[in-house]
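Me: I'm new to this and would love a close look at one part of this protein: the places where aromatic rings pair up. Could you walk me through them?

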Amino acid sequence: EAEFEQTQKEHREMARDKLKAAHHEIVVTMKRIYEFFMYDSQDIQREWKQFVERIEKDIDDALRTTVKRSLQEISKAIIGDVKGGEVGQLFLVNVVLETQRPELKPSILQLSQMINNVSKELITVISVVPRLEEALIEAIREEEEREAKESEEREKKSGKPNKDKPKPRIADNMGAVGDPADLRPSFYDMISNDHDILKVMVQIMTGMSSIQEEVTKYLYRWDKYNNIYQLDKDAFIRRFAKANRPLSQFDAEIQKYKDSQSLIQNEETTTTIKFIKVDCAPLKTALGAHCNEWQKKFFTLLNTMACTELDALYEMFASSMKKIKAAPTSLDMLGEQLNLVTKLQAEEGLTVAKFEPLQAQYALLEKYEVSIKEEEVERHANLP
């Protein structure tokens with residue numbers, strides 16, 4: 001977007017310079033022609049004015065054609081030509097995930113505003129071209145003022161008054177034949193309100209708005225992944241933990257997001273919609289990051305549950321061994337120790353039964369290559 005605007009700005013500056021140079025050359029040429037009969041009769045002056053108006057008409061036609069063709073080039077890039085030719089790729093836009101759904105950046109609205117501004121700025125280029133009669137009057141007035149100033153300086157240097165008869169002020173009288181030039185609208189005012197020019201402007205903006213429906217349909221294709229980024233991950237994990245889901249459910253959820261990640265990566269990265277090339281790389285990266293985050297949260301929950309169970313077993317072993325190894329200080333204490341041994345023997349099956357689920361949890365973590373603290377790995381390996 002910024003690159004397009006900058007390129008257009010540089011091109012407009014170049015066009016302004018060319019128009020200024022061309023118009024200046026016309027003014028100089030016309031001024032030289034006018035010098036041959038600038039002091040002639042009013043009839044001659046009227047003929048001259050009509051000649052200037054014809055030249056102005058030619059300039060008007062040329063500027064009008066230039067503006068129209070330039071706008072038609074923009075129109076052709078957006079909606080194609082009348083022969084139904086293919087539309088080229090005018091803009092590269094990204095699909096991003098910065099809100100609650102995928103969107104284009106820049107948006108179609110932003111592109112439309114930019115194209116509208118560029119089209120309007122394109123027309124302003126001709127504002128550097130004044131009316132020919134106006135420019136001629138100004139050029140002659142400047143020359144008359146320069147000559148008057150030089151005459152005055154010569155008088156001061158010589159100390160003698162200039163005996164030459166002063167020439168009449170042509171610049172002041174040029175606008176007296178017919179309507180004054182400054183009462184007519186400028187080339188820019190006329191052309192910017194021209195019906196054909198405005199018609200092309202409307203075509204451009206219609207073409208910009210016509211793409212919105214196709215863009216919307218394209219973005220809807222990504223709705224199949226909306227649960228990946230719309231669900232509250234922390235709230236879901238809390239509910240999942242409270243529900244005491246089986247280990248198979250952990251595996252299923254983790255695998256679901258790994259599969260989603262693969263599907264996302266296999267989606268087409270770029271596509272063309274009329275005059276824009278759509279790049280989905282930022283969206284695919286964002287969705288992939290969400291998938292990674294989901295997996296990480298399930299890994300963290302599973303590891304926390306396994307570590308908590310492991311800590312509970314070691315705590316039970318340590319507490320029981322401490323009580324059994326303590327030297328009895330009374331018959332009651334001895335009785336409690338014997339009862340504890342009896343209880344541990346009776347619950348041995350229940351205790352051993354906890355090993356297999358714990359082993360399965362760590363096996364699942366190992367399957368997905370989850371990094372676990374070395375101390376935790378060692379403690380798990382030392383279980384009976």
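Reply: Sure, let's start with one residue and work outwards. Keep in mind that this is a predicted model. Find Phe-91 first: its relative accessible area is 5%, and anything under 20% counts as buried, so Phe-91 is buried.

What does Phe-91 pair with? Its partner is Phe-275, and the two rings sit edge-to-face. Their centres are 6.4 Å apart, with 70° between the planes. That angle earns the label because planes over 60 degrees apart count as edge-to-face. Now look at where the two partners come from. Phe-91 belongs to strand β1, which covers residues 91-96, while Phe-275 sits in the loop between β3 (270-273) and β4 (276-279). The pair therefore ties together parts that are 184 residues apart in sequence. Phe-275 is buried too, with a relative accessible area of 0%.

Next, jump to Phe-236 and Phe-298. They make another edge-to-face pair, at 6.3 Å centre to centre and with 80° between the planes. This one also links distant parts of the chain: Phe-236 is in helix α10 (residues 233-242) and Phe-298 is in helix α12 (residues 281-325), 62 residues apart. With a relative accessible area of 0%, Phe-298 is buried.

These two rings have company. Ring pairs join Phe-236 and Phe-298 with Phe-240, Phe-250, Tyr-257 and Trp-294 into a cluster. By the pairing rule, the count comes to 16 aromatic pairs.

While you're at helix α12, have a look at Gln-295, which lies there as well. Is Gln-295 buried or exposed? It counts as buried, at 5% relative accessibility. If you skip its neighbours within four places in sequence, Gln-295 touches Ile-254, Tyr-257, Lys-258 and Gln-261. You've already met one of those: Tyr-257 is a member of the ring cluster.

Rings can have charged partners, too. Arg-131 lies over the face of Phe-187, at 4.7 Å from the ring centre.

One last stop, away from the rings: Lys-49, in helix α2 (residues 42-79). Lys-49 has a relative accessible area of 7%, so this lysine is buried. Its C-alpha atom is 8.1 Å from that of Glu-133, although the two residues are 84 apart along the chain.

Methods:
Residues are numbered from 1 along each chain as its sequence is written. This is a predicted model: local features need pLDDT of at least 70, side-chain atom pairs count only at pLDDT 80 or more; totals for chains, interfaces and linings use all residues. Side-chain values use heavy atoms; hydrogens and water are left out. Rings of Phe, Tyr and Trp (its six-membered ring) pair if their centres lie within 6.5 Å; planes under 30 degrees apart count as stacked, over 60 as edge-to-face and the rest as tilted. Helices (H or I, at least four residues) and strands (E, at least two) are DSSP runs, numbered from the N terminus. Buried means under 20% relative accessible area, exposed over 50%, partly exposed in between (1.4 Å probe, protein chains only). A charge sits over a ring if NZ of Lys or CZ of Arg is within 6 Å of the ring centre and within 35 degrees of the ring normal. Contact means heavy atoms within 4.5 Å.
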